2 protein chains.
Amino acid sequence: MENGQAPDRRTPGHTVRLKDVAARAGCSIATASRVLNGNAKVGASDRERVLAAAAQLGYVPNSSARALRSQSTRLVGAIIPTLDHAIYAKMVDGLQEQLSAMGMSLIINTSDYDLEREKVQARVLVGRGVESVVLVGTEHSPETTQLFRDAGIRQVYTYTSTADGGDAAVGFDNFRAGQMVAEYLVGLGHARVAMIAGVTKGNDRATQRRDGFLHGLEGAGICQSDVLVLEAPYRIESGYHAMQSAMQTHPRPTAVFCGSDIIAAGASNYCRTNEIPIPAEVSIVGFDDLEIAELVSPPLTTVNVPAKQMGIMAGKALSGDSKPVKSLIVHEMQTRLIVRGSTGQAST
Amino acid sequence: MENGQAPDRRTPGHTVRLKDVAARAGCSIATASRVLNGNAKVGASDRERVLAAAAQLGYVPNSSARALRSQSTRLVGAIIPTLDHAIYAKMVDGLQEQLSAMGMSLIINTSDYDLEREKVQARVLVGRGVESVVLVGTEHSPETTQLFRDAGIRQVYTYTSTADGGDAAVGFDNFRAGQMVAEYLVGLGHARVAMIAGVTKGNDRATQRRDGFLHGLEGAGICQSDVLVLEAPYRIESGYHAMQSAMQTHPRPTAVFCGSDIIAAGASNYCRTNEIPIPAEVSIVGFDDLEIAELVSPPLTTVNVPAKQMGIMAGKALSGDSKPVKSLIVHEMQTRLIVRGSTGQAST
DNA sequence: CTGTTAGCGCATTCAC
DNA sequence: GTGAATGCGCTAACAG
């Protein structure tokens, strides 16, 4: 009798295919497929033999084939500015964790805050067959948005509470967060204030934090034109230099709002180096509530952003059916002002 | 009017396929494929028409189909402990950047320092058809290593200079780095030293840094049993508490080597809170040279690790043919001791 | 140089 | 319930 059985263990170089499993289980490839996909309509005996065969052979389904056939890749793409910034890294960490638990895989690409690069990465992701994408912010090239829409790819925006152009948003209201900081500083009696924002070009989060801040000040009778607004990349040295510029104006601001803790850390450094006491001479407020906020001295008053949680929620927003949803889902999260030692009453 | 031509723009919902491009260009699907793949043997007129058609229709090749047919996915997997640690995030940032430039995509998974979870993620990556994987360290479950080998997947280890079980290593010698720190501290006259290592279970980097450190001390006549060695997760509070324990021993150590800047930052915090002057009473050395090393006061003496560069090199190690290489490639990178204000001569 | 043909591995329709 | 047959979109043989 023909004992053309498959070998006990997979042989290096020869990938185990479904037909190998079927052969070993003594059933058809169709039945094997049904078992492995949890299809109920299979006899118990066949089921066990297939499962055993798959385990023994170390069968791993080929997802390219499965994707091609079933038109479902269970792949999610993410385009973020950079991973070299804790706020995005944490978000992706949460996203990955959640997707992994849902049996989906994550392809990540970085854009370096460049909407043109984002567009290129978007094409790559479409080609990879991702079923959803997670982007940062609301501001994207129209072509990018259109490309995803045409391909039937669901778009989730993070770090924002508006989903214009996309299908869902998971984040917070940057404008209101900026406003909150303004009100806090005004409440402490500050009238001469400055802001070191992140680079606003192509970055709606930075833009809205700034605008909300200015709006909040205006509500307290502080005219926008009286407020020094600088921009700095999210790097410590940039914060240092921007603070230097700010502190060389006359009269000096008594409070400075920084668009990120990274910038605030640099600003804080500048003050320490130049013996400008914080908060006696100048109060500093950061944004993000990174670990470094507690490390600088005095520790930074800042705005807490639930970065990892945002990634988890974004992942959850992708569960269920894989078709784009009709109604916009907006999951707004709360930011909290964390008051530490870097802020105090206005000095004069 | 209906002239049987493909529409000018892709219609939402209907994905453009290669045959659509071919139809519009008035050639066969094979010719279109050749053009799009840069195959030289195609007439100039056909070439242009295909290119134009593809552009007009917004054609995006289906990589599942391409992968299935060509047995080449151009997909790379990475399994790292977590993205919520700058040292890994930076590495992945560099890796992603390099792979993107090489036309490859990156799927990332996290293991949370758990070799069992790593094994699970490994199966997922194999199923996704990745052609290579980037792992952290040399210590992996035998099943994980075997799984990749059987599937013909090239394994690149990072943060280590030994490639046992894998095909390539891009990193540095953790043992020697630890030894270097020991020699530095001994040179400053320190005889009572302690170490707060990372959790060594399943973490060969932490283990080797510790062992190298102890070995270096032993070379200077300091017996291992006289050295207090604690372990702490990579979190600031953990460093704080570990330092607390270390400082409650008698006699106190005059120098403490921390397995990571994160831990060192916590240790530094403890000293500040408890008015133990650094480095007058105790010297602290960190590891990684993260941004926070310069933020704490006094700034940390630490060991610089070229994290992003490591990712870039790992990506480059994946270029060329997609088959596992026969010879082990080891790309050893240099670590440098960065001396800042947290270390000084032994106090007594 | 170009078109025709044949699958890649799998899920799924349709008969049995 | 189960197996045989079909084709997802594409590339690589093979002819012409």
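Author: In this predicted model, a residue counts as near a DNA strand if its C-beta atom, placed from the backbone, lies within 6 Å of that strand.

Reader: Which residues come nearest to DNA strand C, and how many residues are around it?

Author: There are 25 residues around DNA strand C, and those that come nearest are Leu18(A), Ala30(A), Ala65(A), Ala30(B) and Gly43(B). Helices α2 and α4 of chain A, together with α2 and α4 of chain B, each give two or more residues to this surface. The element that gives the most is α4(A), with 5 residues.

Reader: What makes up the surface near DNA strand C, by class?

Author: That surface has 11 nonpolar, 7 polar and 7 charged residues. A glycine such as Gly43(B), named among the nearest, is counted as polar under the classes used here.

Reader: Which residues are the closest to DNA strand D?

Author: DNA strand D is surrounded by 23 residues, of which Ser28(A), Thr31(A), Gly43(A), Leu18(B) and Ala65(B) are the closest. The elements giving two or more residues to the surface are α2 (29–36) and α4 (63–70) of chain A and α2 (29–36) and α4 (63–70) of chain B. Here α4(B) gives the most, with 5 residues. By class, the surface near DNA strand D has 10 nonpolar, 7 polar and 6 charged residues.

Reader: How do you know how the two copies, chain A and chain B, are related?

Author: Chain B is superposed on chain A by a rotation of 180 degrees with 0.1 Å of shift along its axis, at an RMSD of 0.2 Å. The two copies are thus related as by a two-fold rotation axis.

Reader: Why can one say that the copies meet through the same surface?

Author: Of the interface residues of chain B, 100% are also interface residues in chain A, so the copies meet through the same surface. The contact takes 48 residues from each side, that is, 48 residues from chain B and 48 residues from chain A. On the side of chain B, at least two residues each come from α4, α5 (86–101), β2 (105–110), α6 (115–128), α7 (142–150) and α12 (292–295). Helix α5(B) gives the most to that side, with 8 residues. The residues on the side of chain B that touches chain A divide into 21 nonpolar, 17 polar and 10 charged.

Reader: Why are α1(A) and α3(A) called oblique to each other?

Author: The axes of α1 (residues 18–25) and α3 (residues 44–57) of chain A come within 8 Å and cross at roughly 125 degrees. Angles of 65 to 115 degrees count as roughly perpendicular and those over 145 as roughly antiparallel. The angle falls in neither range, and α1(A) and α3(A) are therefore oblique to each other. Their crossing is right-handed. The contact is made by Asp20(A), Val21(A), Arg24(A) and Ala25(A) of α1(A) with Asp46(A), Arg49(A), Val50(A), Ala53(A), Ala54(A) and Leu57(A) of α3(A). By class, this contact has 6 nonpolar, no polar and 4 charged residues.

Reader: What is omega for the peptide bond from His250(A) to Pro251(A), and is that bond cis or trans?

Author: Omega is near -5 degrees, and the bond is cis. Pro251(A) lies in the loop between α10 (236–247) and β8 (255–258) of chain A. In chain B, the bond from His250(B) to Pro251(B) is cis, again with omega near -5 degrees.

Reader: What is notable about phi of Gln71(A)?

Author: Phi of Gln71(A) is near 55 degrees, a positive value in a residue other than glycine. Gln71(A) is placed in the loop between α4 and β1 (75–80) of chain A.

Technical notes: Residues numbered from 1 in each chain as written. Chains lettered and ligands numbered in written order. Predicted model: local features only at pLDDT ≥ 70, side-chain atom pairs only at ≥ 80, totals over all residues. Least-squares fit on C-alpha atoms with pLDDT ≥ 70 in both. Contact = placed C-beta atoms within 7 Å. Helix = DSSP H or I, 4+ residues; strand = E, 2+ residues; numbered from the N terminus. Axes fitted to C-alpha atoms, helices over the stretch in contact; angles between N-to-C directions. Parallel < 35°, antiparallel > 145°, perpendicular 65-115°, else oblique. Left-handed = near helix turned anticlockwise from the far one by under 90°.
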